[in-house]
Amino acid sequence: QGTVPVIAIDGPTASGKGTVAARVADVLGWTVLDSGALYRLSALSALKKGVADTDENALADIARQLDIRFQDGKVLLDNDDVTEQLRQEHIGEMASRIAPLPPLRDALLERQRAFRQAPGLVCDGRDMGTVVFPDASLKIFLVADVDARAQRRYNQLIEKGFSANLGDLLKDLKTRDDRDQNRSVAPLKPAADAIIVDSSGLDISQTVDRILTHWRNLG
Ligand code: CDP
Ligand code: CDP
């Protein structure tokens, strides 16, 4: 398993990780893992089951027992299509509140590593290059100005028909950045061998090209 190549893309919320990871995986014909979805699914499942966001052992049980399927760009939880629901800001917010709990992170660790399948894996999250796949072939730390990220998230929500307020989003993003960067377990930070890519002035395909160029330069 250790020889299956991994491209790890980490970075703050709305830097474009998920979109870019999916495109890179598509170009290479590799598997993709949106690790944030596992934290979001844990949050959603806890909400459905009435489990408190502070009950770390119950949350770890939920993470271990998640009945999920990723299929044709859709995410199913207990056979229900939760793709749209998962992207809601309050779910992301709850995910970031439960994400610091070590039993939950441990429960998700092996689940994430199981996605490492030939011919390769592109994954995105906060700790792909630092904790989950420390031996990844290529580690990208994708950043963008907080204002650019808030605007992207705003456009994304409006496009999907949700209501959104740019000022509130900016505030929420800053809170989430702060929480993700300052937690003691698996904080958001670039791995020592990560390449920093700033996508503030880049569109999606330019960002994808940068990453593919780094990948090809390795070979
Ligand atoms: O899409 P966005 O970047 O807003 O969030 P996400 O990647 O779906 O992740 C939601 C939350 O899960 C983040 O704010 C993190 O706190 C947590 N997370 C994590 O701790 N580790 C990961 N590898 C991925 C997500
Ligand atoms: O996964 P993460 O939270 O980092 O971000 P995302 O959900 O992939 O991207 C957030 C939004 O920004 C999406 O609507 C992307 O289409 C958009 N985006 C962009 O406008 N320009 C980029 N260079 C990357 C993403």
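Select strands β1 (residues 6–10) and β7 (residues 138–143) first: the two pair in the parallel sense over 4 bridges. Strands are DSSP runs of E with at least two residues, helices are DSSP runs of H or I with at least four, and both are numbered from the N terminus; two strands pair if DSSP finds at least two bridges between them. Within this pairing, I9 has I140 in β7 as its bridge partner.

The model is predicted, and local features need pLDDT of at least 70, side-chain atom pairs count only at pLDDT 80 or more, while totals for chains, interfaces and linings use all residues. Residues are numbered from 1 along each chain as its sequence is written, and chains are lettered from A and ligands numbered from 1 in the order in which they are written.

**The parallel sheet and its helices**

Extend the selection to the whole sheet, an open one of 5 strands in the order β2-β6-β1-β7-β8 with parallel pairing. At its edges are β2 (31–34) and β8 (195–198), each of which pairs on one side only. From one strand to the next, the twist averages 20 degrees.

Add helix α1 (residues 17–28), which packs on the sheet and touches β1, β2, β6 (121–125) and β7. The direction of α1 makes about 180 degrees with that of β6. Then add helix α10 (residues 204–218), which packs on the sheet against β1, β7 and β8, with its direction at about 160 degrees to that of β7. For these angles, axes are lines fitted to C-alpha atoms, for helices over the stretch in contact, and values run from 0 to 180 degrees between N-to-C directions. Contact requires that the C-beta atoms of two residues, placed from the backbone, lie within 7 Å.

**Ligand 2**

Centre the view on ligand 2, which 15 residues surround, the closest being G16, K17, G18, T19 and R152. A residue is near a molecule if its C-beta atom, placed from the backbone, lies within 6 Å of it. Two or more residues of this shell come from each of α1, α8 (146–159) and α10. The largest share, 3 residues, belongs to α1. By class, the shell holds 3 nonpolar, 9 polar and 3 charged residues. Here Ala, Val, Leu, Ile, Met, Phe, Trp, Tyr, Cys and Pro count as nonpolar, Asp, Glu, Lys and Arg as charged, and the others, Gly among them, as polar.

**Ligand 1**

Move to ligand 1, with 16 residues around it, of which T13, G36, S96, A99 and G125 come nearest. The elements that give two or more residues to this shell are α2 (35–49), α5 (89–98) and α9 (166–182). Helix α2 supplies the largest share, 4 residues. The shell around ligand 1 comprises 4 nonpolar, 7 polar and 5 charged residues.

**Helix α3 and its cover**

Select α3 (residues 56–65), in which L59, A60, I62 and A63 are buried. Burial means 20 or more other C-beta atoms within 10 Å of a residue's own, exposure 12 or fewer, and partial exposure a count in between, with C-beta atoms placed from the backbone. The four buried residues lie on the same side of α3 because they cover an arc of only 155 degrees around the axis; the arc is that of the directions from the helix axis to the C-beta atoms. Turn to the face of α3 away from its buried side to find the exposed residues N57 and Q65. The cover over the buried residues includes α2, α5 and α6 (102–113).

In α6, pick R105. This residue counts as buried because it has 21 C-beta neighbours inside 10 Å. A distance label between the C-alpha atoms of R105 and A60 reads 7.8 Å, although the two are 45 residues apart along the chain. Beyond its neighbours within four places in sequence, R105 is in contact with V185 and A186.

**A cis peptide bond**

Follow the chain to the loop between α6 and β6, where P119 is found. A cis peptide bond joins A118 and P119, with omega about 5 degrees.

**The antiparallel sheet**

Finish at the open sheet of 3 strands in the order β3-β4-β5, whose pairing is antiparallel. At the edges, β3 (68–71) and β5 each have a single partner strand, so one side of each is left without a neighbour in the sheet. Strands β3 and β4 pair over 4 bridges, and I68 stands opposite L77 in β4.

Between β4 (74–77) and β5 (80–81), select D78 in the loop. Its phi is near 50 degrees, a positive value in a residue other than glycine. D78 counts as exposed because it has 11 C-beta neighbours inside 10 Å. N79 lies in the loop between β4 and β5, and the phi of N79 is positive, near 70 degrees. N79 is exposed, with 8 other C-beta atoms within 10 Å.
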